[in-house]
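Colleague: Please take a close look at the charged side-chain pairs in this model. I would also like to know how their surroundings are built.

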Amino acid sequence: MDITNLKGTSDNKCKCGGWLKHWENFSGQKPLHCSVTGCLNTDLDGAHVQSNSVFDNKWYIVPLCSSHNNAIGILRISDTVKLVPANVNLTCGKI
């Protein structure tokens with residue numbers, strides 16, 4: 001799956017204690033390394049991303065290493081990584 005990392009989202013907050021924890025809480029997964037295919041870095045951030053599908057313009061959270069979280073352009077992530085909505089009204093804001 002191809003994604004694009006969103007820039008300028010660091011002021012967005014959630015009730016989970018951080019975006020990586022947000023992803024864990026709502027994906028049901030535990031990140032072992034960066035979601036980018038072939039990257040085994042373990043210095044992870046909960047990154048705001050968008051799918052590159054023309055049918056989906058929502059914001060999501062996925063675990064990315066610091067390097068890929070600062071990357072510009074299209075990133076390919078594993079198809080097993082769940083995209084968790086960054087919209088807190090659909091997730092931790094409902095709790």
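Modeller: R76 is exposed, with a relative accessible area of 51%; here exposed means over 50% relative accessible area, buried under 20%, and partly exposed in between, with a 1.4 Å probe and protein chains only as cover. The model is a predicted one, in which local features need pLDDT of at least 70 and side-chain atom pairs count only at pLDDT 80 or more, while totals for chains, interfaces and linings use all residues. Residues are numbered from 1 along each chain as its sequence is written, and side-chain values use heavy atoms, without hydrogens or water.

The partner of R76 is D2, and the closest N and O atoms of this salt bridge are 2.8 Å apart. A salt bridge is a side-chain nitrogen of Lys or Arg within 4 Å of a carboxyl oxygen of Asp or Glu. The pair ties together distant parts of the chain, since D2 belongs to strand β1 (residues 2-5) and R76 to strand β4 (residues 74-76), 74 residues apart. Strands are DSSP runs of E with at least two residues, helices are runs of H or I with at least four, and both are numbered from the N terminus. In contrast to R76, which is exposed, D2 is partly exposed at 26% relative accessible area.

In total, 3 salt bridges are counted. One of them joins E24 and K21, with 3.9 Å between N and O. Both residues sit in helix α1 (residues 19-27), where their spacing of 3 residues amounts to about one helical turn. An α-helix has 3.6 residues a turn, so residues three or four places apart point the same way. K30 also forms a salt bridge with E24, at 3.4 Å from N to O. Through these shared partners, K21, E24 and K30 form one network. The accessibility of its members varies: E24 is buried at 17%, K21 is partly exposed at 38%, and K30 is exposed at 61%.

E24 is one of several buried residues in α1, alongside W19, H22, W23 and S27. The cover over the buried residues of this helix includes β2, β3 and β5. Directly after α1 comes G28, which has a positive phi near 75°.

The helix also takes part in the largest nonpolar core, a set of buried Ala, Val, Leu, Ile, Met, Phe, Trp, Tyr and Cys residues joined through side-chain atoms within 4.5 Å. This core has 23 residues, and C34, V36, V49, V62 and L64 touch the most other members. At least two residues each come from α1, β2 (44-51) and β3 (59-65), with β3 giving the most, 5 residues. In soluble globular proteins, nonpolar side chains tend to be buried together. V62 shows how its surroundings are assembled: leaving out residues up to four places away in sequence, V62 has contacts (heavy atoms within 4.5 Å) with I3, W23, S35, D45, G46, A47, V49, I77, V81, K82 and L83.

On the C-terminal side, T91 lies in the segment after β5 (84-85) and is buried at 6% relative accessibility. Beyond its neighbours within four places in sequence, T91 is in contact with H22, F26 and P85. The T91 side chain also reaches the backbone oxygen of N87 at 3.3 Å.

K58 is placed in the loop between β2 and β3 and is exposed, at 51% relative accessible area. K58 touches V49 and Q50, again without residues up to four places away in sequence. The C-alpha atoms of K58 and A86 lie 8.2 Å apart, although 28 residues separate the two along the chain.

For the chain as a whole, there are 2 helices and 5 strands, in the order β-α-β-β-α-β-β from the N terminus. Buried residues account for 40% of the 95 residues. Of the contacts between residues at least 6 apart in sequence, 64% join residues at least 24 apart. The C-alpha trace spans about 35 × 30 × 25 Å along its principal axes.

Definitions and conventions. A polar contact is a pair of N or O atoms within 3.5 Å; within protein, one must be able to donate a hydrogen and the other to accept it, and residues adjacent in sequence count only if both atoms are side-chain atoms.
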